[in-house]
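Trainee: I have a model open and would like to work through it. Can we take it step by step?

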Amino acid sequence: MEAAMGLMRRIPAKHTDTALSALLSLMPNHSSDLLSQVDQPLQVLCDLDSGKQFILCEYNRDADSYRSPWSNKYHPTLEDGSLPSLELRKLEVEANDIFAIYRDQYYEGGISSVYMWEDDNEGFVACFLIKKDGSKTGQGRRGYLEEGSWDAIHVIEVGPEEEENTNYRLTSTVMLTLTTNNESSGTFSLSGSIRRQMTMRLSVADGHLCNMGRMIEEMESKLRYSLDQVYFGKTREMVCTLRPPSEVAQVRIPES
């Protein structure tokens, strides 16, 4: 299992589905562990009752059906699917409305979903998802990318309240895939993922949504910076080393 997880960490994000399918065939006894621990590129389904799209993941799946955050119904229909409590469902609806505003401000579109469920420690868990298709045929407004996607998964474990404070543990994963194809730069493909964790103890005076929102905003800022430094920065460094600019590469003629 350790070797399989090490392999999945090194697989480009766009090949995750293929690699995971192969591992499930080789290790059927570990299928539940693999599906719960490996983050896959997010998929989207339309909720016919509300007319809105929602994101599919392990956190809203029960058997082969997925729960919509808009109608709170499973698609395909599942009679005995697990549902959040009435109080948590109310918080989930509010979180989806607020997170949609956050998504539009930071991502200029895309699809977002928030799911919540009770845990075994008298607290609850919240999952915030964002999927942005940045390709020319998708939601890429600038038209630079032939293919491009950004999948963000934020899972926050919220502990029980203790003296008006609560422990929050955030685990965030971002999967980035992009491909360009034009005359000036040719064909270029970049794919990768990054995961980080953050733990904070905060007052609940401002509410859980306010605390979780601040944590996600801070974490996404750090993740974007890390992606820029690790993927784009290192790629730029390698390209400039292998193919230096023409003015640097020119052979200097010695003076006579």
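The questions below go from the overall fold to the domains and then to single residues.

Trainee: What kind of model is this, and how many helices and strands does the protein have?

Mentor: The model is predicted. Its C-alpha atoms fill a box of roughly 85 × 45 × 40 Å along the principal axes. The secondary structure comes to 6 helices and 10 strands.

Trainee: What percentage of the residues of the protein count as buried?

Mentor: Buried here means under 20% relative accessible area. The protein has 256 residues. Those that count as buried make up 39%.

Trainee: Among contacts between residues at least 6 apart in sequence, what share joins residues at least 24 apart?

Mentor: A contact needs heavy atoms within 4.5 Å. Take the contacts between residues at least 6 apart in sequence. The share joining residues at least 24 apart is 52%.

Trainee: How far apart do the C-alpha centres of domain 1 and domain 2 lie?

Mentor: The domain assignment gives domain 1 as 1–38 and domain 2 as 85–242. Their contact takes 4 residues from domain 1 and 7 residues from domain 2. The C-alpha centres are separated by 22 Å.

Trainee: How much area do domain 1 and domain 2 bury between them?

Mentor: The size of an interface is often given as the accessible area lost when the parts come together. Here, 50% of that area is on carbon and sulfur atoms. On the side of domain 1 that touches domain 2, the residues are 2 nonpolar, 1 polar and 1 charged. The area buried between domain 1 and domain 2 is about 390 Å².

Trainee: How many salt bridges does the rule find across the interface of domain 1 and domain 2?

Mentor: Start with polar contacts, both residues at pLDDT 80 or more: the count between domain 1 and domain 2 is 0 residue pairs. For salt bridges across this interface, the rule finds 0.

Trainee: Which residues is Gln-40 in contact with, leaving aside its neighbours within four places in sequence?

Mentor: Gln-40 sits in the loop between α3 (31–37) and β1 (43–47). Its relative accessible area is 26%, so Gln-40 is partly exposed. Its C-alpha atom is 8.1 Å from that of Cys-57, 17 residues away along the chain. Outside the four-place window, the contacts of Gln-40 are Thr-16, Asp-17, Leu-20, Leu-35, Ile-153 and Met-175.

Trainee: Which residue forms a salt bridge with Glu-58?

Mentor: Glu-58 is partly exposed at 28% relative accessible area. The partner is partly exposed too, at 30% relative accessibility. The closest N and O atoms are 2.8 Å apart, and the partner is Arg-61.

Trainee: How many residues apart in sequence are the parts that Glu-162 and Arg-201 tie together?

Mentor: Glu-162 and Arg-201 form a salt bridge, with closest N and O atoms 3.7 Å apart. Glu-162 lies in the loop between β8 (147–158) and β9 (165–182), and Arg-201 in strand β10 (residues 186–203), so the parts tied together have a sequence separation of 39 residues.

Trainee: Is Asp-206, the salt-bridge partner of Arg-214, buried or exposed?

Mentor: Arg-214 is found in helix α5 (residues 208–242). Its side chain also makes a polar contact with the side chain of Asn-211, at 3.0 Å. In the salt bridge of Asp-206 with Arg-214, the closest N and O atoms are 3.8 Å apart. Relative accessibility is 54% for Asp-206, so Asp-206 counts as exposed.

Trainee: Which residues are linked in a network of salt bridges?

Mentor: By the rule, the count comes to 10 salt bridges. The residues linked in a network are Arg-67, Arg-89 and Glu-92.

Note on methods. Residues are numbered from 1 along each chain as its sequence is written. This is a predicted model: local features need pLDDT of at least 70, side-chain atom pairs count only at pLDDT 80 or more; totals for chains, interfaces and linings use all residues. Side-chain values use heavy atoms; hydrogens and water are left out. Domain bounds come from an automatic or database domain assignment. Buried area is the accessible area (1.4 Å probe) that two parts lose on being put together, summed over both. A salt bridge is a side-chain nitrogen of Lys or Arg within 4 Å of a carboxyl oxygen of Asp or Glu. A polar contact is a pair of N or O atoms within 3.5 Å; within protein, one must be able to donate a hydrogen and the other to accept it, and residues adjacent in sequence count only if both atoms are side-chain atoms. Ala, Val, Leu, Ile, Met, Phe, Trp, Tyr, Cys and Pro count as nonpolar, Asp, Glu, Lys and Arg as charged, and the others, Gly among them, as polar. Helices (H or I, at least four residues) and strands (E, at least two) are DSSP runs, numbered from the N terminus. Buried means under 20% relative accessible area, exposed over 50%, partly exposed in between (1.4 Å probe, protein chains only).
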